[in-house]
Amino acid sequence: MKAGGAVDATDKEASKPIPIPKVRVSRVLSVLDFTLRVVAALGTLASAIAMGASQETLPFAAQFVRFRARYKDLPTLMFFVIANSIVCVYLVLSLPLSFVHIIWTAAKTSRIVLIISDTVMMGLLTAGASAATAIVYLAHYGNSSTNWFAFCRQFNSFCGRISGSLIGSFVAITVLVLLIIMQSVAISRR
């Protein structure tokens, strides 16, 4: 500024914020999209493996009688493993398309397809995780009105694994929500 309140043209230009190019922001969003897809795929894979490997056998008073707890004994937990496996395969198969978005940031139709597919997969994963959460809650606390006793007191290892497997699934659900929001932002910048 000059004395007397007059403003130089160079002062006005210096005070303007520098606009961030749309291509640069889209590329950053695409790299973040690719990274989050890898994280979600690993989360669903870990959840499916942890639930699928959960099994515990307890001996009874007699040597030949044993009690066994497996995830296959409850259809809800089987649905959880299947849902996590399907979403994991989808996320791995969507990685090349996400990589294409890093190189070619102007892709709009493929982003719309990814938004729709991500939403469907998020619904499937949410259904599986919610159903498994209800069963895990019953396993820990039981329900006296339906005579479902809390069997986690006896099967500690089994209950620890099925409880832990829910974490990766809920992380993947959160990541899918973030992916849907990011894809929407990337499309809206066009």
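**Exercise 1. Identify the residues that make up the nonpolar surface patch, and place Leu97 within the fold.**

The patch, with an area of about 500 Å², is formed by Leu97, Phe99, Val100, Ile103 and Trp104. Patches are built from residues with over 30% relative accessible area and no salt bridge, like charges being joined within 9 Å and nonpolar side chains (Val, Leu, Ile, Met, Phe, Trp, Tyr) within 5 Å, while accessible areas come from the Shrake-Rupley method with a 1.4 Å probe, only the protein chains shown counting as cover for residues. Leucine 97 lies in helix 3, residues 75-103, where helices (H or I, at least four residues) and strands (E, at least two) are DSSP runs numbered from the N terminus. Its relative accessible area of 31% makes leucine 97 partly exposed, given that buried means under 20%, exposed over 50%, and partly exposed in between (1.4 Å probe, protein chains only).

The model is a predicted one, in which local features need pLDDT of at least 70, side-chain atom pairs count only at pLDDT 80 or more, and totals for chains, interfaces and linings use all residues. Residues are numbered from 1 along each chain as its sequence is written, and side-chain values use heavy atoms, with hydrogens and water left out.

**Exercise 2. Trace the salt bridges of arginine 37, and state where each partner sits.**

Begin with the count: the structure holds two salt bridges, each being a side-chain nitrogen of Lys or Arg within 4 Å of a carboxyl oxygen of Asp or Glu.

Next, take the pairing with aspartate 33, in which the N to O distance is 3.2 Å. Arginine 37 and aspartate 33 are separated by about one helical turn, because they stand four residues apart in helix 2 (residues 22-52). Aspartate 33 is buried, at 2% relative accessible area, and arginine 37 is buried as well, at 0%.

Then turn to aspartate 118, whose closest O atom is 2.7 Å from an N atom of arginine 37 in a salt bridge. This pair links distant parts of the chain, since arginine 37 belongs to helix 2 and aspartate 118 to helix 4 (residues 109-141), 81 residues apart. Both arginine 37 and aspartate 118 are buried. Taken together, Asp33, Arg37 and Asp118 are linked in a network of salt bridges.

**Exercise 3. Describe the surroundings of serine 165.**

Serine 165 is located in helix 5, residues 156-188, and counts as buried because its relative accessibility is 1%. A polar atom of its side chain lies 2.9 Å from the backbone oxygen of isoleucine 162. Leaving aside residues up to four places away in sequence, serine 165 touches Ser47, Ala50, Met51 and Phe80, contact meaning heavy atoms within 4.5 Å.

**Exercise 4. Work out which residues and helices build the largest nonpolar core.**

A nonpolar core is a set of buried Ala, Val, Leu, Ile, Met, Phe, Trp, Tyr and Cys residues joined through side-chain atoms within 4.5 Å. The largest one has 39 residues, of which Met51, Leu77, Phe80, Leu91, Phe158 and Leu176 touch the most other members. Helix 2, helix 3, helix 4 and helix 5 each supply at least two residues of this core, and the largest share, 13 residues, comes from helix 5. For leucine 176, the contacts beyond four places in sequence are with Val87, Leu91, Asp118, Met121, Met122 and Leu125.

**Exercise 5. Summarise the overall fold.**

The protein has five helices and two strands, following the pattern α-α-β-β-α-α-α along the sequence. Of its 190 residues, 37% count as buried.

Conventions: A polar contact is a pair of N or O atoms within 3.5 Å; within protein, one must be able to donate a hydrogen and the other to accept it, and residues adjacent in sequence count only if both atoms are side-chain atoms.
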